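Hi everyone, thanks for coming. I'd like to walk you through a structure that's new to most of us, so have a look at it and then we'll go piece by piece.

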Amino acid sequence: MNTHGHEHVIEVTDLKRVYGGGFEAVRGITFSVARGEVFALLGTNGAGKTSTVELLEGLAPPSGGRVRVLGHDPYEERDAVRPRTGVMLQEGGFPAELTVAETVRMWAGCTSGARPVGEALETVGLGKRAGVRVKQLSGGERRRLDLALALLGGPEVLFLDEPTTGLDAEGRRETWDLVRALRDGGTTVLLTTHYLEEAEELADRLAILHEGRIAAGGTPDEVTSAQPSRISFELPEGYFLGDLPALGELGVVGHEVDGRTVRLRTHELQRAATGLLVWARDARVELRRLDVRPASLEEAFLGIAGRASALAARKEEVGA
Ligand SMILES: Nc1ncnc2c1ncn2[C@@H]1O[C@H](COP(=O)(O)OP(=O)(O)OP(=O)(O)O)[C@@H](O)[C@H]1O
């Protein structure tokens with residue numbers, strides 16, 4: 001239990017994973033997931049998402065730190081954890097010649113308390129595809145079959161590794177609805193994703209991983225509001241930056257000028273935008289190409305990736 005009385009179903013403390021050649025893929029991360037929460041691990045390619053999830057699933061022991069799932073060590077106490085968790089891997093890799101129903105039946109044979117095959121397929125919208133061979137399924141249908149198998153034992157904790165990769169917009173929305181329904185039913189979900197929109201739609205809390213570390217974490221709102229909003233526009237003919245109202249008084253925390261284009265960053269979007277628009281009205285000028293962009297998870301993500309690559313470039317410059 002944590003201090004707010006919520007049960008932590010997943011607890012990760014200073015977790016590390018070092019691969020054979022000595023490469024540190026996970027470099028000391030700490031987070032927890034409460035029962036009934038959807039938690040998203042976001043990150044660039046190679047950030048360490050899969051390496052982390054595999055440790056949570058008990059597929060390998062950590063190189064350092066601690067993992068607890070439902071109060072147990074998922075690697076050492078696999079028998080206690082495995083029956084209560086569902087895992088959807090990135091590539092299911094089923095025998096291509098089996099039908100959808102046969103695949104589920106085969107899986108059900110290895111799952112304690114498995115749901116009926118038909119029900120499992122209906123849940124993911126594959127009811128009508130039961131007799132089709134796996135090799136004839138589309139990429140999206142295969143992902144849904146992966147999901148049906150992960151849900152077969154009615155898990156308390158569900159691990160979804162990039163659940164909507166390869167799905168079209170409609171398939172993605174259906175999967176989101178399903179994840180929400182599972183969450184509402186009390187299932188705890190940990191998902192990895194490349195899609196910021198997916199994290200924004202689903203996650204109660206999230207962590208952005210970068211190079212094996214958590215670069216930002218919290219609710220989507222917390223992560224987003226740490227980033228500035230942006231305003232850009234073209235300076236009217238005959239006007240200079242100095243003709244605008246004092247930027248500091250508008251709540252602007254940074255600016256760039258590129259030719260006639262002005263870009264402003266602010267944590268007080270309404271104040272800055274109002275100040276600018278009132279100035280333009282009074283000066284009887286039009287702010288062409290005006291673009292007002294509230295902080296978003298995407299901006300936060302790009303900020304982290306951008307900042308990190310800028311740092312890496314600087315290190316290279318000084319030969320670090
Ligand atoms: N078995 C392995 N041996 C050595 N290095 C590995 C191994 N598996 C992964 N890595 C490296 O560890 C880092 C993290 O990989 P990981 O697959 O966890 O990232 P990810 O965030 O899941 O990326 P993606 O979004 O591309 O799936 C990468 O640099 C990867 O090359």
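**A walk through the model**

Let's start at a single glycine: just after H1, Gly58 takes a positive phi of about 75°. Hold on to that helix, we'll be back there shortly.

First, the overview. What you're looking at is a predicted model. The protein's mean pLDDT is 88, with 92% of its residues at 70 or more. For the complex, the predictor reports an ipTM of 0.96 and a pTM of 0.82.

The protein holds 10 helices and 13 strands. Its C-alpha trace spans about 75 × 45 × 40 Å along the principal axes. Of the 320 residues, 35% are buried. And if you take the contacts with a separation of 6 or more, 67% of them are between residues 24 or more positions apart.

There are two domains here: domain 1 covers 8-224 and domain 2 covers 228-294. How many Å lie between their C-alpha centres? The answer is 44 Å.

You can get a feel for distances from one pair of residues, too. Leu277 and Val124 are 153 residues apart in sequence, and their C-alpha atoms are 50 Å apart in space. Leu277 itself is in helix H9, residues 269-283. Is Leu277 buried or partly exposed? It counts as partly exposed, because it has 13 C-beta neighbours inside 10 Å, and being buried takes 20 or more.

Okay, back to H1, and to the ligand. Around the ligand we find Tyr19, Gly20, Phe23, Ala25, Gly43, Asn45, Gly46, Ala47, Gly48, Lys49, Thr50 and Ser51. Sort that shell by class and you get four nonpolar, seven polar and one charged residues. Which element gives the largest share of the shell? That's helix H1, residues 49-56, with three residues.

H1 is also mostly covered, with seven of its eight residues buried. The buried ones are Lys49, Ser51, Thr52, Val53, Glu54, Leu55 and Leu56. Two of those names, Lys49 and Ser51, you just heard in the ligand shell.

Gly43 was in that shell as well, and it takes us to strand S3, residues 38-43. S3 is mostly covered: six of its six residues are buried. A quick general reminder: side chains in a regular strand alternate between the two faces of the sheet. Now look at S3 with that in mind. Val38, Ala40 and Leu42 point one way, while Phe39, Leu41 and Gly43 point the other way, and all of them are buried.

So what does S3 pair with? One partner is strand S7, residues 188-193, in the parallel sense over five bridges. There, Val38 stands opposite Val189. Another partner is strand S8, residues 205-210, again parallel and over five bridges. On that side Ala40 faces Leu206, and Gly43, our ligand-shell residue, stands opposite Leu209.

Let's follow S8 a bit further. Five of its six residues are buried, so S8 is largely enclosed by the rest of the structure. S8 is also joined by five bridges to strand S9, residues 213-218, and this time the two run antiparallel. Here His210 has Arg213 in S9 as its bridge partner. In the hairpin of S8 and S9 there are two residues between the strands, and Glu211 takes a positive phi near 50°.

That brings us back to positive phi values, and there are two further spots to check on your screens. Phi of Leu70 is near 50°, which is positive in a residue other than glycine. Leu70 sits in the loop between strand S4 (64-69) and helix H2 (78-81). The other spot is Glu162, also a residue other than glycine, with a positive phi near 50°. Its place is the loop between strand S6 (157-161) and helix H6 (169-184).

Why does Leu70 count as partly exposed? Because 19 other C-beta atoms lie within 10 Å of its own, and the cut-off for buried is 20 or more. Glu162 has 20 C-beta neighbours inside 10 Å, so it counts as buried.

That's my tour. If you'd like one thing to click on first, try Gly43: it's in the shell around the ligand, and it's buried in S3. Thanks, and I'm happy to go back to any part.

How values were computed. Residues numbered from 1 in each chain as written. Predicted model: local features only at pLDDT ≥ 70, side-chain atom pairs only at ≥ 80, totals over all residues. Helix = DSSP H or I, 4+ residues; strand = E, 2+ residues; numbered from the N terminus. Buried ≥ 20, exposed ≤ 12 C-beta atoms within 10 Å, placed from the backbone. Near = placed C-beta within 6 Å. Nonpolar A, V, L, I, M, F, W, Y, C, P; charged D, E, K, R; others polar. Contact = placed C-beta atoms within 7 Å. Domains from an automatic or database assignment. pLDDT = per-residue confidence, 0-100. Pairing = 2+ DSSP bridges.
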